[in-house]
Amino acid sequence: MRNFNLSVLEVRLVDNPELRYIQSGTALCRFSIANNSDYYRDEELQKEVSYVEITTWAKLAERCSQYLKKGSRIIVNGRLKQSRWQDDDGGNHSRIGIVGREVQFLIRKTAAAAMSRVQIWEMSSTDRMLRKL
């Protein structure tokens, strides 16, 4: 039975995207994001930061590499994926990341006001072209 696997996050990049091409020539872009959240414990506000690696493919990967940089604010829509590996000493490790399907590039209001024509772009891994929002 297939489960529903969808993650949608509004986040900031904590480093610049890294673009590479795999052997078949398909673009692969990886970048790390930070997600801030708050919660209460015993009536005291707690702040928490989660760091997650995002992986995008094909045209979406190329666009992310071209337009994003450290500090960029985005909304990413994708699926959770767990990577598992064993180190040289036989220890098991795992990491959960997100395979991005859609990425919306967000612009600050101050930056948008300074632009003569504000364009915020959304790219889907299944799209053949960027869509203007």
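Q: At what relative accessibility does Glu53 count as partly exposed?
A: This is a predicted model, in which local features need pLDDT (the predictor's confidence in each residue, from 0 to 100) of at least 70, side-chain atom pairs count only at pLDDT 80 or more, and totals for chains, interfaces and linings use all residues. Residues are numbered from 1 along each chain as its sequence is written, and side-chain values use heavy atoms, without hydrogens and water. Buried means under 20% relative accessible area and exposed over 50%, with partly exposed in between (1.4 Å probe, protein chains only). Glu53 counts as partly exposed because its relative accessibility is 29%.

Q: Which residue forms a salt bridge with Glu53?
A: Side chains of opposite charge can pair when their charged atoms come close. A salt bridge here is a side-chain nitrogen of Lys or Arg within 4 Å of a carboxyl oxygen of Asp or Glu. For Glu53, the closest N and O atoms of the pair are 3.5 Å apart. The partner is Arg30.

Q: How many residues apart are Arg30 and Glu53?
A: Strands (E, at least two residues) and helices (H or I, at least four) are DSSP runs, numbered from the N terminus. Arg30 sits in strand β3 and Glu53 in strand β4, so the pair links distant parts of the chain. Arg30 counts as partly exposed because its relative accessibility is 34%. Along the chain, the two are 23 residues apart.

Q: Which residue forms a salt bridge with Asp38?
A: The count comes to four salt bridges. In this one, the closest N and O atoms are 3.8 Å apart. Asp38 is partly exposed, because its relative accessible area is 48%. The partner counts as exposed at 65% relative accessibility, and its name is Lys47.

Q: Why are Lys59 and Glu62 separated by about one helical turn?
A: Their side chains meet in a salt bridge (3.9 Å, N to O). Lys59 is partly exposed at 43% relative accessibility, and Glu62 is partly exposed at 23%. The spacing is about one helical turn because the two residues are three residues apart in helix α1.

Q: What is the phi of Ala58?
A: Most residues other than glycine have a negative phi. Ala58 is found in helix α1 and counts as partly exposed, because its relative accessibility is 34%. Ala58 is not a glycine, yet its phi is positive, at about 60°.

Q: Where does Glu43 lie?
A: Glu43 is another residue other than glycine with a positive phi, near 65°. Glu43 is exposed, because its relative accessible area is 79%. Its place is the loop between β3 and β4.

Q: Which strand gives the most to the largest nonpolar core?
A: A nonpolar core is a set of buried Ala, Val, Leu, Ile, Met, Phe, Trp, Tyr and Cys residues joined through side-chain atoms within 4.5 Å. The largest has 17 residues; among those with the most contacts inside it are Phe31, Leu68 and Val103. Elements giving two or more residues include β1 (7-13), β4 (44-57) and α1. The top giver, with four residues, is β3.

Q: Which residues does Leu68 touch, not counting residues up to four places away in sequence?
A: Contact means heavy atoms within 4.5 Å. Leu68 is one of the residues with the most contacts inside the largest core. Its partners are Leu13, Pro17, Phe31, Arg63, Ile74, Val103 and Phe105.

Q: What is the angle between the planes of Tyr67 and Phe105?
A: Rings of Phe, Tyr and Trp (its six-membered ring) pair if their centres lie within 6.5 Å; planes under 30 degrees apart are stacked, over 60 edge-to-face, and the rest tilted. The structure holds one such aromatic pair. It joins Tyr67 in helix α1 (residues 58-67) to Phe105 in strand β6 (residues 92-106). The centres are 6.0 Å apart, and the pair is tilted at 45°.

Q: In which strand is confidence lowest?
A: The mean pLDDT of the protein is 85, and 80% of its residues reach 70 or more. Over residues 114-121 the pLDDT is below 50. Where pLDDT is low, the predicted coordinates should not be read in detail. Confidence is highest in strand β2 (residues 18-21), at 98, and lowest, at a mean of 50, in strand β8.
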